[in-house]
Amino acid sequence: LGGCAGPGANPSSSLPAGSQLPCFHGSSTIRNLKERFHMNMTEEQLQLLIEQMVDGSMRSITTKLYDGFQYLTNGIM
């Protein structure tokens with residue numbers, strides 16, 4: 001990944017303290033964001049995870065079906 005996210009890419013660091021946005025209410029929101037963005041992984045672990053996700057997606061029938069749908073409806077391949 002080589003730091004492609006850049007400095008300050010921490011999703012929890014850009015949230016305003018005491019935000020009034022309803023999506024940030026609740027004690028689990030920040031924890032869920034950190035889990036979703038895999039904030040606890042090293043660069044090497046992230047690289048392996050992403051490679052596994054891409055490989056799984058490439059072999060997935062649902063990916064192939066969605067790609068076919070996109071091609072038929074939007075001309076996107």
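The following exercises, each with a worked solution, concern a predicted model of a protein.

**Exercise 1. Overall architecture**

Determine how many helices and strands the protein has, and describe how much of the protein is buried.

*Solution.*
Step 1. The protein contains 3 helices and 0 strands.
Step 2. Read from the N terminus on, the order of elements is α-α-α.
Step 3. Of the 77 residues, 9% count as buried.
Step 4. The exposed area of the protein is about 6,400 Å², and carbon and sulfur atoms supply 61% of that area.

**Exercise 2. A salt bridge in helix α1**

Examine the pair Arg31 and Glu35: state the distance between the closest N and O atoms, and explain how the two residues are placed in the helix.

*Solution.*
Step 1. Side chains of opposite charge can pair when their charged atoms come close.
Step 2. In the pair Arg31 and Glu35, the closest N and O atoms are 4.0 Å apart, and the two residues form a salt bridge.
Step 3. Helix α1 spans residues 28–36; because Arg31 and Glu35 are 4 residues apart in this helix, about one helical turn separates them.
Step 4. Arg31 has a relative accessibility of 45% and is therefore partly exposed. Glu35, at 47%, is likewise classed as partly exposed.

**Exercise 3. The salt bridge of Arg59**

Identify the residue with which Arg59 forms a salt bridge, and classify both residues as buried, partly exposed or exposed.

*Solution.*
Step 1. The partner of Arg59 is Asp55, with a distance of 2.8 Å between the closest N and O atoms.
Step 2. The relative accessible area of Arg59 is 62%; the class "exposed" requires a value over 50%. Arg59 is therefore exposed.
Step 3. Asp55 has a relative accessible area of 38%, so Asp55 is partly exposed.
Step 4. The count for the model is 2 salt bridges.

**Exercise 4. A nonpolar surface patch**

Name the residues that make the nonpolar surface patch, and locate Val54.

*Solution.*
Step 1. Ile50, Val54 and Met58 make a nonpolar surface patch of about 270 Å².
Step 2. Val54 belongs to helix α2, which covers residues 43–58.
Step 3. With a relative accessible area of 43%, Val54 is partly exposed.

**Exercise 5. Helix α3 and Gln70**

Compare the span of helix α3 with the expected span, and then describe the surroundings of Gln70.

*Solution.*
Step 1. Helix α3 comprises residues 61–74, which is 14 residues.
Step 2. From its first C-alpha to its last, helix α3 reaches 20 Å, close to the 20 Å expected at 1.5 Å a residue.
Step 3. Gly75 follows α3 and has a positive phi, near 70 degrees.
Step 4. Gln70 lies in helix α3. The relative accessible area of Gln70 is 15%, and buried means under 20%, so Gln70 is buried.
Step 5. The side chains of Gln70 and Tyr66 are joined by a polar contact of 2.5 Å.
Step 6. When neighbours within four places in sequence are left aside, Gln70 is in contact with Gly75 and Ile76.

**Exercise 6. The backbone at His38**

State the sign of phi at His38, and give the location and accessibility of this residue.

*Solution.*
Step 1. Most residues other than glycine have a negative phi.
Step 2. His38 is not a glycine, yet its phi is positive, about 55 degrees.
Step 3. His38 is located in the loop between α1 and α2.
Step 4. The relative accessible area of His38 is 27%, so His38 is partly exposed.

Methods: Residues are numbered from 1 along each chain as its sequence is written. This is a predicted model: local features need pLDDT of at least 70, side-chain atom pairs count only at pLDDT 80 or more; totals for chains, interfaces and linings use all residues. Side-chain values use heavy atoms; hydrogens and water are left out. A salt bridge is a side-chain nitrogen of Lys or Arg within 4 Å of a carboxyl oxygen of Asp or Glu. Buried means under 20% relative accessible area, exposed over 50%, partly exposed in between (1.4 Å probe, protein chains only). Patches are made of residues with over 30% relative accessible area and no salt bridge: like charges are joined within 9 Å, nonpolar side chains (Val, Leu, Ile, Met, Phe, Trp, Tyr) within 5 Å. Accessible areas come from the Shrake-Rupley method with a 1.4 Å probe; for residues, only the protein chains shown count as cover. The expected span of a helix is 1.5 Å times one less than its number of residues. A polar contact is a pair of N or O atoms within 3.5 Å; within protein, one must be able to donate a hydrogen and the other to accept it, and residues adjacent in sequence count only if both atoms are side-chain atoms. Contact means heavy atoms within 4.5 Å.
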